[in-house]
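This report examines one protein chain together with its ligand. The reader is invited to keep the sequence and the structure in view while reading.

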Amino acid sequence: MNQQLFESVDQYIGRLFYNEDACLKETEQSIIRSGIPQISVSPNQGKFLHILARLCNAKKILEMGTLGGYSTIWMARALPANGKLITLEIDKNHADVARQNFNRCGLASKIEIRLGKAIDILPSLKEEGAGPFDMIFIDADKPPYTEYFQWALKLARPGTLIIADNVIREGKVLLQESPDEMVTGVKRFNQFLSQCSDVTATIFQTVGAKEHDGMAIALVK
Ligand code: SAM
């Protein structure tokens, strides 16, 4: 694969279409400074999520996997004044970095971080009637992606957009067997998604600043 070409094209697209302001740049810097993994979505993917949120007129967004809040900020910026985004994060250090970024970006009133295991928090969201969400972004740990998606369906309505990142894993999903539970987790999810009659869905491959991967996109019927 020509990674250098993909990165150059990503930069070319970036120069044309996305304007990362000081807030987003500082969010990226905060992630580097605090030593947390540099595994946010790319700027171009962030812009893509922003456009999707606007396309579905999202007023309520759910995210699983906050990290430093980079994707969260792109999506939250698509919300109307009374919009709300709930983001789930297991790691307190990540959540603290994200919180500082939301404050600095003036988004604290729109974003709620829930700290804990996503699989434990999702039932409480249902119980308290936090949904239905207009858009749900799945980007936490990969082994339970199928369970996250099943919860996403319970927290959705017809027309909700569900997006799941990192579902191609440099093509390793083509392997019959893999010792990597992230690969087996997304393979199980992709298979489930392909047979789920509650949604119409597809996966598109992603290349660029990030390694070869893919995003699944599902529209709830
Ligand atoms: N969405 C972020 C972005 O693009 O800016 C990146 C999220 S990163 C790929 C995955 C995040 O999920 C990490 O911050 C990790 O700590 C968190 N995570 C991992 N396992 C989790 C779990 N069981 N519940 C909630 N969050 C989890």
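The report below moves from the whole chain to one strand, then to one loop residue and the surroundings of the ligand.

**The chain as a whole**

The model is predicted. Its protein chain contains eight helices and seven strands. Along the principal axes, the C-alpha trace of the protein chain spans about 45 × 45 × 30 Å. A compact globule with 221 residues would have a radius of gyration near 17 Å, and the protein chain has 17 Å, so the two agree. Of the 221 residues, 39% count as buried. Contacts also reach far along the sequence: among those between residues at least 6 apart, 70% join residues at least 24 apart.

**Strand β5 and its partners**

Strand β5 covers residues 161-165 and is mostly covered, with five of its five residues buried. Its side chains are divided between two directions: Leu 161, Ile 163 and Asp 165 point one way, while Ile 162 and Ala 164 point the other way. Strand β5 is joined to β4 and to β7, as the table sets out.

| Partner of β5 | Residues of partner | Bridges | Direction | Facing residues |
|---|---|---|---|---|
| β4 | 135-138 | four bridges | parallel | Ile 136 opposite Ile 162 |
| β7 | 213-220 | five bridges | antiparallel | Leu 219 opposite Leu 161 |

How does the chain cross from β4 to β5, and what is the hand of this crossover? The path runs through helix α7, residues 145-154, and the β-α-β crossover is right-handed.

**Residue Ile 90**

Ile 90 lies in the loop between β2 and α5, the latter being residues 92-104. Why does Ile 90 count as partly exposed? There are 18 other C-beta atoms within 10 Å of Ile 90, whereas a buried residue has 20 or more and an exposed one has 12 or fewer. Apart from neighbours within four places in sequence, Ile 90 is in contact with Gly 116 and Lys 117. The C-alpha atoms of Ile 90 and Leu 67 are 9.1 Å apart in space, although these residues are 23 residues apart in sequence.

**The surroundings of the ligand**

Which of the 18 residues around the ligand come nearest? They are Ser 40, Gly 65, Ser 71, Ala 118 and Asp 141. Two elements, α4 (70-76) and β2 (84-89), each give two or more residues to this shell. Sorted by class, the shell holds eight nonpolar, five polar and five charged residues.

Conventions
Residues numbered from 1 in each chain as written. Predicted model: local features only at pLDDT ≥ 70, side-chain atom pairs only at ≥ 80, totals over all residues. Near = placed C-beta within 6 Å. Nonpolar A, V, L, I, M, F, W, Y, C, P; charged D, E, K, R; others polar. Contact = placed C-beta atoms within 7 Å. Pairing = 2+ DSSP bridges. Right-handed = clockwise from strand over helix to strand, strands pointing away. Rg over C-alpha atoms; globule rule 2.2 N^0.38 Å.
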